[in-house]
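This briefing is intended for a reader who wishes to relate the backbone, burial and polar contacts of one chain to its coordinates. Please consult the sequence and the structure while reading the points below.

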Amino acid sequence: MRAESAGAAGPEGPGGTAGSHGPSGSAGAGRPSGANGAAGAAGAGEPRREPGAGRGRRFQLTRDTARPEGGGRAAPGDAPAPARQWPLLAVMGVTGLGLLVVAFDAFRVGTLLIGLAMIGGAVLRWALPSVGMLAVRSRFTDMITYGGLGAAILLLSLMAQPHPWLKVPFLEDILHFTV
């Protein structure tokens, strides 16, 4: 790249007329910065970049994605892969069981299992220092997300028609008002 900048100045020097465009002698907009003698003087020892190079990193706030707090293995590294990810597999297993129960026409019990699996994920995220791939965000955000979704699924499951197990009058009024 140095040869390019040295050759750009040419025998006429940095402000010479050989590379000039227009009456003022300034370089054109489409011309690379390496061909402009003034840009060559700015960073003598630094590698030169083309005008469009590196634009994606110009306003980047972070250089790397940090692992979530508690995102390490839930078992030692020499354990088999399923043992290292047991918290995630436990939550997914109970959720899968809930979906299977729903498929066999026991809607309320199946959705209760799914809601309990999400709440169980929140409890695991709170209680264990390392939960493997169950850690997605920060510990607080994961607990609020898993617990909130689990509570919402439980509440909706208990209020599902016909013959709801839980009756909340103001929610019924909101439902009748919106429909």
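The points that follow go from the overall fold to individual elements and residues.

The model is predicted. Its secondary structure comprises seven helices and zero strands, in the sequential pattern α-α-α-α-α-α-α.

**Overall fold and surface**

- The chain has 179 residues, and buried residues account for 23% of them.
- Of the contacts between residues at least 6 apart in sequence, 53% connect residues at least 24 apart.
- The accessible surface of the chain is about 12,400 Å², with 66% of that area belonging to carbon and sulfur atoms.
- L97, L100 and F104 form a nonpolar surface patch of about 340 Å².
- One of these patch residues, L100, is located in helix 4; L100 counts as partly exposed because its relative accessible area is 45%, which falls between the limits of 20% for buried and 50% for exposed.

**Helix 5 and its cover**

- Helix 5 (107-127) contains 21 residues and spans 30 Å from its first C-alpha to its last, close to the 30 Å expected at 1.5 Å a residue.
- The buried residues of helix 5 include the glycines G110, G115 and G121, together with R108 and R125.
- Also buried in helix 5 are T111, L112, I114, A117, M118, A122 and L124.
- The cover over the buried residues of helix 5 includes helix 4 and helix 6.

**R108 and its polar contacts**

- R108 belongs to helix 5 and counts as buried because its relative accessible area is 12%, under the 20% cut-off.
- The R108 side chain reaches two backbone oxygens: that of S157 at 2.8 Å and that of H163 at 3.2 Å.
- With residues up to four places away in sequence not counted, R108 touches S157, L158, M159, A160, P162, H163, P164 and W165.

**The loop between helix 6 and helix 7**

- The peptide bond joining Q161 and P162 is cis, with omega at about -5°.
- P162 lies in the loop between helix 6 (139-159) and helix 7 (169-178), and P162 is among the residues that R108 touches.
- H163 is also found in the loop between helix 6 and helix 7; H163 has a positive phi of about 55° although it is not a glycine.
- H163 counts as exposed because its relative accessibility is 66%, over the 50% cut-off. The backbone oxygen of H163 is nevertheless reached by the side chain of R108.
- As general context, most peptide bonds are trans, and most residues other than glycine have a negative phi.

**The loop between helix 4 and helix 5**

- D105 is placed in the loop between helix 4 (86-103) and helix 5 (107-127).
- Phi of D105 is near 70°, a positive value in a residue other than glycine.
- D105 counts as exposed because its relative accessibility is 72%.

**Q85, ahead of helix 4**

- Q85 sits in the loop between helix 3 (81-84) and helix 4.
- Q85 counts as buried because its relative accessibility is 18%, under the 20% cut-off.
- The side chain of Q85 reaches the backbone nitrogen of M133 at 2.6 Å.
- Apart from its neighbours within four places in sequence, Q85 is in contact with V131, G132 and M133.

Methods: Residues are numbered from 1 along each chain as its sequence is written. This is a predicted model: local features need pLDDT of at least 70, side-chain atom pairs count only at pLDDT 80 or more; totals for chains, interfaces and linings use all residues. Side-chain values use heavy atoms; hydrogens and water are left out. Helices (H or I, at least four residues) and strands (E, at least two) are DSSP runs, numbered from the N terminus. Buried means under 20% relative accessible area, exposed over 50%, partly exposed in between (1.4 Å probe, protein chains only). The expected span of a helix is 1.5 Å times one less than its number of residues. Contact means heavy atoms within 4.5 Å. Patches are made of residues with over 30% relative accessible area and no salt bridge: like charges are joined within 9 Å, nonpolar side chains (Val, Leu, Ile, Met, Phe, Trp, Tyr) within 5 Å. Accessible areas come from the Shrake-Rupley method with a 1.4 Å probe; for residues, only the protein chains shown count as cover. A salt bridge is a side-chain nitrogen of Lys or Arg within 4 Å of a carboxyl oxygen of Asp or Glu. A polar contact is a pair of N or O atoms within 3.5 Å; within protein, one must be able to donate a hydrogen and the other to accept it, and residues adjacent in sequence count only if both atoms are side-chain atoms.
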